[in-house]
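User: Please take a close look at one part of this structure, the open sheet of strands towards the end of the chain. I would also like to see how it compares in kind with the other paired strands and salt bridges.

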Amino acid sequence: MNHLTRRLAAAGLVVLLLLIAFLGKFWKLSTSRSDLQDSASSQQSAPEKTGPLRTVTSTIAPGLHVLNNLGPSAAYVVETSDGLVLVDSGLEANGAAIARDFRYRNLELARLRAILLTHAHADHSQGARQLRQLTGAKIYAGQGDVSVLRAGEPRDAFCSTFDMGKLQIHSTEVDVELKGGETIEIADARFHVIAAPGHTPGSICYTLERDGLRFFFGGDVVMTLTEGEGPFRRELGTYAAYLAPRYRGNAEDFLATIRRLQQLPTPDLVLPGHPRESLNFRITPMRWQSMLDKGVKDMETLIARYRADGRNFLDGAPKELLGGLYYLGDIDGFAVYCLKTTSGLFLFDAPGGAKLIPFLEARMLDLGLVSAATTPPQSGEESKGKLPPIKAVLMTSCGPDTISGLPALLAKTGCKVVAAESGWPTLKKFMPDQIATKTDRDLTAWFQVRSLPLSGPGPGATAYVLNWRNRQVLVSGRVPIKATRAAEDALLRSFSEKGAQPRYRQAVQTLRSIKPDLWLPLIPSDGQNANLYDDEWKEILSVNERLAEPIDPGPAAQE
């Protein structure tokens with residue numbers, strides 16, 4: 001009996017020890033993951049291209065790991081016989097997460113020897129300075145991005161069109177500038193440098209051959225292997241080539257980069273800047289070539305459109321959009337457009353208050369619409385021309401912002417004002433004689449245009465549809481918006497006025513009757529391209545309709 005008791009006690013002790021060991025291991029894993037979660041949640045606001053943050057550091061191959069809990073991008077760690085190499089560095093706020101990830105893999109942060117940046121965007125580069133200070137690691141970056149990295153500006157070079165909240169951008173010292181074609185040797189690891197401009201001027205890809213495998217670090221040149229929405233509609237980071245020049249993307253450069261990649265051996269594993277949900281980095285030659293072929297087609301189409309229709313970005317720089325149709329730039333955040341016809345000059349909207357006249361004189365001089373004034377400009381002033389006669393100004397809205405420049409314009413030119421009848425009460429308060437009550441038939445005596453009264457937003461909301469140079473042009477005022485976080489927030493705030501939301505939705509639905517080739521909004525977003533292609537207009541209206549959908553209060557609110 002005593003013998004049996006001893007045997008049962010021993011067995012019980014073994015079970016207890018095994019249970020303690022298991023719980024200890026589980027607690028350690030849970031703690032590590034909790035640390036990573038805390039690090040992720042403490043980060044500063046990140047771009048909307050994020051997707052959910054992930055909290056697992058994965059080993060891709062022996063000595064090569066992905067740190068994919070940084071959000072929104074990933075970084076990669078390569079172990080060498082004499083220290084560690086980090087490809088990209090996340091945001092500065094990711095520093096704690098990177099340190100925890102290193103501990104999770106039993107890697108010593110102090111052994112970090114090099115940080116290889118793929119490009120300057122903040123979610124890839126802004127963590128490098130802190131890591132350099134902590135470890136003495138050298139920072140490598142493409143030559144075309146070095147100047148903005150060292151300057152820490154302009155913000156657009158780091159954030160692109162993504163809303164990164166209050167993220168503070170800082171300068172980053174670069175130790176080694178890369179042109180492409182170099183080999184970076186760190187102990188037993190040899191990284192081959194590929195110049196890959198297009199996403200940014202200094203974008204770089206790296207290849208590493210190890211254990212019979214070829215690894216390709218794509219940054220945002222190869223952005224993801226899992227297509228989704230927004231910038232992830234394409235596996236390559238070609239979205240940057242569709243943006244205004246201030247965001248530093250370039251279609252011609254990207255096309256040359258893709259063709260360069262087509263000439264290289266197919267990698268065995270592709271490590272993109274944004275793996276998202278998938279951690280399967282293997283790629284077949286067929287898929288690699290298909291992805292690159294699609295990128296070539298996209299860039300060739302975009303370049304052909306730029307050449308045929310112009311790079312008509314509404315980015316503040318004055319330009320001729322079509323023969324005789326001009327974008328003069330923005331004043332107080334509102335765009336001003338001008339049309340030169342055989343009947344005279346016509347403006348759309350009059351923002352800017354007393355600043356409107358000098359703005360018009362300077363921008364029209366830049367575009368060759370007026371001759372230079374005889375009086376030279378004072379120090380700090382723009383050169384000005386003599387403002388030519390203006391036949392009329394067509395109002396897309398009679399809100400206080402869009403009419404603030406009218407008194408000065410009328411005093412200077414005596415032009416007519418065309419506005420929807422619902423806006424007349426506002427205008428008649430200070431300019432009763434200038435309001436032109438024009439029908440579509442009257443307007444076409446000047447040029448081929450029809451007005452499209454809208455139910456909102458604001459008084460006198462009107463769109464104008466022009467048939468100009470065999471293109472349909474829409475000057476639309478405040479509706480619709482090109483959806484960005486700032487534009488959406490402003491729109492949703494405007495819905496606080498009673499009835500504003502259904503009026504806006506009705507206005508959007510009115511615009512479904514047309515399909516413009518060029519869209520000229522009152523408030524351009526992110527320097528958007530005025531030219532529209534494929535289903536862009538349909539998608540824009542669908543987004544606006546969803547924004548204006550009534551919110552179901554739910555059963556609880558109805559009780």
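Analyst: Among contacts between residues at least 6 apart in sequence, 63% join residues at least 24 apart. The model is a predicted one, with a mean pLDDT of 86 for the chain, and 83% of the residues reach 70 or more. Residues 20–55 call for caution: pLDDT stays under 50 there, although the model has 61 contacts beyond four places in sequence for this stretch. The chain holds 17 helices and 23 strands. Of its 559 residues, 51% are buried, and the chain exposes about 25400 Å², of which carbon and sulfur atoms supply 51%.

The sheet in question is open and consists of four strands in the order β20-β21-β22-β23, with mixed pairing. Its edges are formed by β20 (449–453) and β23, each of which pairs on one side only. Direction ignored, neighbouring strands of this sheet are turned by 20° against each other on average. Strands of a sheet pair through backbone hydrogen bonds, in either a parallel or an antiparallel sense. Between β20 and β21 (residues 462–468) the sense is antiparallel, and five bridges join the two strands. One position can be followed directly in the display: Arg450 has Val465 in β21 as its bridge partner.

Strand β22 contains Ser476, a residue that is buried, with a relative accessible area of 1%. Leaving aside residues up to four places away in sequence, Ser476 touches Thr396, Leu454, Thr462, Ala463, Trp519, Leu520 and Pro521. The value of 1% places Ser476 among the buried residues because that class covers everything under 20% relative accessible area.

The same strand, β22 (residues 471–477), also contains Arg471, while Asp517 lies in the loop between α15 (500–510) and β23 (518–521). These two residues form a salt bridge in which the closest N and O atoms are 4.0 Å apart. The pair therefore ties together parts of the chain that are 46 residues apart in sequence. The partners differ in exposure class: Arg471 counts as buried at 17% relative accessibility, whereas Asp517 is partly exposed at 27%.

Other salt bridges also connect separated parts of the chain. A search of the whole structure finds 24 of them. Arg234 and Asp298 form one, with the closest N and O atoms 3.5 Å apart. Arg234 lies in the loop between β11 (213–219) and α7 (251–262) and Asp298 in helix α8 (residues 285–309), which places the pair 64 residues apart. Arg234 is partly exposed at 22% relative accessibility, and Asp298 is likewise partly exposed at 22%. A further salt bridge joins the side chains of Glu235 and Arg287, at 3.3 Å from N to O. Since Glu235 belongs to the loop between β11 and α7 and Arg287 to helix α8, this pair ties together parts that are 52 residues apart in sequence. Here Glu235 is buried, with a relative accessible area of 9%, and Arg287 is partly exposed at 31%. Salt bridges also occur as a network, which links Arg150, Glu173 and Glu177.

For parallel pairing, β6 can be examined. Strand β5 (residues 112–116) runs parallel to β6, and three bridges join them; Ala114 stands opposite Lys138 in β6. Strands β6 and β7 also pair in the parallel sense over three bridges, with Leu178 in β7 as the bridge partner of Gly142. Four of the five residues of β6 are buried, so this strand is largely enclosed by the rest of the structure.

Helix α5 (residues 143–151) has four buried residues, namely Asp145, Val146, Val148 and Leu149. Their cover includes α3 (122–125), β6 (138–142), α6 (156–159) and β7 (176–178). Thus β6 and β7 pair with each other and also contribute to the cover of the buried residues of α5. After α5 comes Gly152, whose phi is positive, near 70°.

To return to the sheet you asked about, its four strands have mixed pairing, Ser476 in β22 is buried, and Arg471 forms a salt bridge with Asp517.

Key
Residues numbered from 1 in each chain as written. Predicted model: local features only at pLDDT ≥ 70, side-chain atom pairs only at ≥ 80, totals over all residues. Heavy atoms only, no water. Buried < 20%, exposed > 50% of the residue type's maximum accessible area, 1.4 Å probe, protein only. Contact = heavy atoms within 4.5 Å. Pairing = 2+ DSSP bridges. Axes fitted to C-alpha atoms, helices over the stretch in contact; angles between N-to-C directions. pLDDT = per-residue confidence, 0-100. Areas by Shrake-Rupley, 256 points an atom, 1.4 Å probe, with all protein chains shown as cover.
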